[in-house]
Each structure stands twice: as C-alpha cells, then as structure tokens.
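Grab your viewer and work through a few short exercises on strand pairing and a ligand shell. Each task comes with a solution you can follow step by step.

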Amino acid sequence: MAGFPRAACISLSLLCVLFFSFSEARDHLVGGKTDAWKIPSSESDSLNQWAEKSRFLIGDSLVWKYDSSIDSVLQVTKRDYVTCNTSSPIEAYKDGNTNVKLDRSGPFYFISGSEGHCEKGQKLIVVVMSEKHRRFIAISPAPSPVEFEGPAIAPASGATTLKGSLGVTLGVIVGVVLM
Ligand SMILES: *[C@@H]1O[C@H](CO)[C@@H](O)[C@H](O)[C@H]1NC(C)=O
C-alpha cells in the first residue's frame, strides 16, 4: 500500500515530462552549438548527423548563430540543395541570428550562401513530423490506470497533493452542476 502513492507520483511526473516535451514549441540551435554553421570537419560532424538525432515538430523553430560577415543561410528547393545552387533561394537570411519557424510537416532544405561552402558539406535537411505522428506520441502514454484511481491515503508528495486538490475542484464543479 505504501508504494502506491509513489507509483502515482512517478507516473504523474512522467506524464508531465512527456506533456511538456511534446506539446511545447521548441527552438533548435542548429548543430547544437553556436559556431556549428560552417563547413563540417568530417562526415560524422555534419549537420545532417545532428538533424537525424533531433525530433522536429510543427511550430518548432530552427536557430542559427553565425558571423554574418562571412556566412548566411539559404532556404532552397530540394533540387537546389542537391546541386548547391545559391542563385534563387526560397528565402535568404543574412543577419547572423536566423530564426526559421517550421510551420508545416515534411522536409526543409538549407545551404550556406557562402561561395563553395555547400559543396563542402555545409548543408542541412530537417524533416518535420506530421501532425498525425505527433498526436500518436502525445496520446500513447495516457492509459495509466494509477493516475485515475485516487488513493484514499494521506498525500505523500506535492504531486499527489495536486491531484487531490484537482479531485476536490472537480467535485465542487460536479456539485454545482447538480444543484
Ligand atoms: C541555378 O538555378 C537557376 C534558377 O533556377 C538556374 O537558372 C541555373 O541554371 C542553376 N544553375 C546551375 C549551375 O544549375
């Protein structure tokens, strides 16, 4: 019996972590560090290696920090990405502190605007997950029976206290509706 509130607490905090990590729009610093927008020193250091390890959702933003006197960020078509064609970008960013909102699912292509940099690997594909995928992730941790069976024991932590007061609030609302 004594282990029960703890289990409830753990499952609650896990839910909170999942909720915040999947529902809040996030800023992704490209490459994970400030000076990452440059010609990669090796294949394993490439920005696409970084992108493959990240999870991008609609509403998130990409953030680039770079020296605007020597570099820029071009958003391009897939074709221009492959051929490193900088002549007609969809969008060109040159302010050194570029923020691009990922407003749809699917791939986004970026290359460096500096001469010869894209050819040497300074390019990035970011694939944003679809809304369907996102909902699937958000719902999957929900079936947790522990969370809904309010234990009639003295609250042992902040989390259970919160749940208790939520129950009281709901009870009050139900009471008001019934009156
Ligand atoms: C780059 O793109 C422009 C516009 O689409 C095109 O006119 C040009 O031929 C392309 N250059 C190369 C080298 O493919």
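**Exercise 1.** In this predicted model, work out in which sense β3 and β6 pair, and over how many bridges.

Solution. Start with β3, residues 61-65, and look across to β6: the two run antiparallel, with 5 bridges between them. For a concrete pair, pick Lys65, whose bridge partner in β6 is Asn97.

**Exercise 2.** Place β3 and β6 in their sheet: what is the strand order, and which strands stand at the edges?

Solution. First, the order reads β1-β3-β6, an open sheet of 3 strands with mixed pairing. Next, the edges: β1 (27-29) and β6 (97-101) have a single partner strand each, so one side of each lacks a neighbour in the sheet. Finally, the twist: ignoring direction, neighbouring strands here are turned by 25 degrees against each other on average.

**Exercise 3.** Now find the pairings of β8 with β2 and with β7, and say whether each is parallel or antiparallel.

Solution. Take β2 (residues 56-57) to begin with: this strand pairs with β8 (residues 123-129) in the parallel sense, over 2 bridges. Leu57 sits opposite Met129 of β8. Then go to β7 (residues 106-112), which runs antiparallel to β8 and is joined to that strand by 6 bridges. Over there, Pro107 stands opposite Val127 in β8.

**Exercise 4.** List the residues around the ligand and sort them by class.

Solution. Counting a residue when its C-beta, placed from the backbone, lies within 6 Å, you get Thr83, Asn85, Ser87 and Ser88. Sorting the shell gives 4 polar residues, no nonpolar ones and no charged ones.

Definitions and conventions
Residues numbered from 1 in each chain as written. Predicted model: local features only at pLDDT ≥ 70, side-chain atom pairs only at ≥ 80, totals over all residues. Nonpolar A, V, L, I, M, F, W, Y, C, P; charged D, E, K, R; others polar. Pairing = 2+ DSSP bridges. Helix = DSSP H or I, 4+ residues; strand = E, 2+ residues; numbered from the N terminus. Axes fitted to C-alpha atoms, helices over the stretch in contact; angles between N-to-C directions.
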